[in-house]
Amino acid sequence: MNVHESEKIAGILTSRGYMLSQTVEEADVIVLNTCCVRETAETKVYGHLGRIKSKKKQGAVIVVCGCMTQQNGAAERLVKRCPFVNIVIGTFNQPRLGDYLDRFIQTGTRVIEVWSSEKDGDSLESASPVRSSGINAWVNIMYGCNNFCTYCIVPYVRGRERCRPIDDIISDVDSLLKKGYKQITLLGQNVNSYKYLDKTFPDLLKSLESDTKYRLKFMTSHPKDISPDIAQIIYDSKVLSRSLHLPVQAGSDRILQAMNRHYTREEYLSKISAFRSLIPDIGLSSDVMVGFPTETEEDFLQTLDLVERVKYNNLFMFIYSRRSGTPADTMPQLDYDTKQKRIDRLIKFQFEISKQLALSSVGHTAEVLVSDKDGDKCYGKSETDAAITFNSDSAKVGDFVRVKIVSAKNANLTGEVI
């Protein structure tokens, strides 16, 4: 989501005559679009600002925006700590970045403005993105979140759910396909809760079927809202990726309840089973958080057990990061050493699963969408989101190529063109 938002910010600047700069030293405007999901992201912002201060040319304008500055008190702390930053705005007023830039250039007065909510008519959708993700194009279908997981800052800095009109989304996708994009990824904090008037997420997916050859993906899904209808739609679809990212976060019912996730491990496993029964080869990925407040060794073992049962193709693994203003921040915390040892165990555990799944795919065929090429070496993803490398002098970036998987080293697959 932040990548796509940065593309829209670049679009605002381009509409005012700016062009992309390759270095900080030659830039007239430097924008840091920040994240605050984990503490490390916020810490890095200050490190980047320190380096930018020493490298930027005289008169360059520094802008800081995004989730970090939207937090209570964050903008004030940034202003005091970094007096050389010229413009500080939040998530809701980013569409007005161009106006703030004009104001600062004309007056020389710092602009510090963070709105508490979105105002009518202000949306980054009005900006034409400067797309930077190759064959893939991101399309927002909604903004914000209503879930209030106890560890998460997103609802506080992004607001409640706001869904875009379905006709606008369809129009965006049609336009992108005409421009030659071969993969479209629908974005939302919880895409399964999409609803505009009487149209739901399954309705949206069905409406994006096309005779045009392309691949459609979506992220992120919430286990409490995803339904077996989606499995049937993927099964029937000509364009949907046969993959699903379904963040579980933990395998312990006690921890899931403390996280305010609104499902049990058995409910989660039942939904995974429903997808696998219809689409046996579906590529599955997830997010798992280790070291959530009060997590015991038994809780952690239940997470390992769930990972073993599901056998994810890919797993994004994190140590819990405290976020001021969230309920989990006030819960009893685990020591860092315990969290580090558990994440190390989980990474090793998942590595073996990924390795075995990769080996089992040798001999199978796949349709690879080529996303990058270096000489004759092609890189891309299969229908099930597996990364595959193969050699071809004729295949081009954006081509769909049938390959046979001939070898696997760890989780890395190599194929041959059929």
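Start by selecting Ala 74: leaving aside neighbours within four places in sequence, this residue is in contact with Met 68 and Thr 69. You are looking at a predicted model, so keep that in mind as you click along. Ala 74 sits in helix H4, and with a relative accessibility of 1% it counts as buried, the cut-off being under 20%. Now add Ser 361 to the selection and draw a distance between the two C-alpha atoms: Ala 74 and Ser 361 are 287 residues apart along the chain, and 48 Å separates them.

**Next stop: H2 and H4**

Stay with H4 (residues 74-81) and bring in helix H2 (residues 39-55). Their axes come within 12 Å and cross at roughly 25°. Angles under 35 degrees count as roughly parallel, and H2 and H4 are therefore roughly parallel to each other. The crossing of the two helices is right-handed. To see who makes the contact, show side chains for Glu 42, Tyr 46 and Leu 49 on H2, and for Arg 77, Leu 78 and Arg 81 on H4. Colour these residues by type and you get three nonpolar, three charged and no polar ones.

**Over to Arg 323**

Keep Glu 42 in view, since Arg 323 touches it. Arg 323 belongs to the loop between strand S14 (314-319) and helix H13 (336-360). Is Arg 323 buried or exposed? Its relative accessibility is 5%, so Arg 323 counts as buried. Follow the side chain of Arg 323 outwards and you reach the backbone oxygen of Cys 36 at 2.9 Å. Not counting residues up to four places away in sequence, the residues touched by Arg 323 also include Val 37, Arg 38, Glu 39, Gln 71, Tyr 151, Ile 153 and Asp 329.

**Backbone stops**

Three loops round off the tour.

- Select Met 219 and Thr 220: the peptide bond from Met 219 to Thr 220 is cis, with omega near 5°. Thr 220 lies in the loop between strand S11 (215-219) and helix H9 (228-236).
- Jump to His 262, in the loop between helix H10 (253-258) and helix H11 (265-278). Its phi is near 65°, a positive value in a residue other than glycine. His 262 has a relative accessibility of 54% and so counts as exposed.
- Finish at Thr 294, in the loop between strand S13 (283-290) and helix H12 (297-310). Here phi is near 75°, a positive value in a residue other than glycine. Thr 294 is partly exposed, with a relative accessible area of 29%.

Methods: Residues numbered from 1 in each chain as written. Predicted model: local features only at pLDDT ≥ 70, side-chain atom pairs only at ≥ 80, totals over all residues. Heavy atoms only, no water. Axes fitted to C-alpha atoms, helices over the stretch in contact; angles between N-to-C directions. Helix = DSSP H or I, 4+ residues; strand = E, 2+ residues; numbered from the N terminus. Parallel < 35°, antiparallel > 145°, perpendicular 65-115°, else oblique. Left-handed = near helix turned anticlockwise from the far one by under 90°. Contact = heavy atoms within 4.5 Å. Nonpolar A, V, L, I, M, F, W, Y, C, P; charged D, E, K, R; others polar. Buried < 20%, exposed > 50% of the residue type's maximum accessible area, 1.4 Å probe, protein only. Polar contact = N/O pair within 3.5 Å; in protein donor to acceptor, adjacent residues only side chain to side chain.
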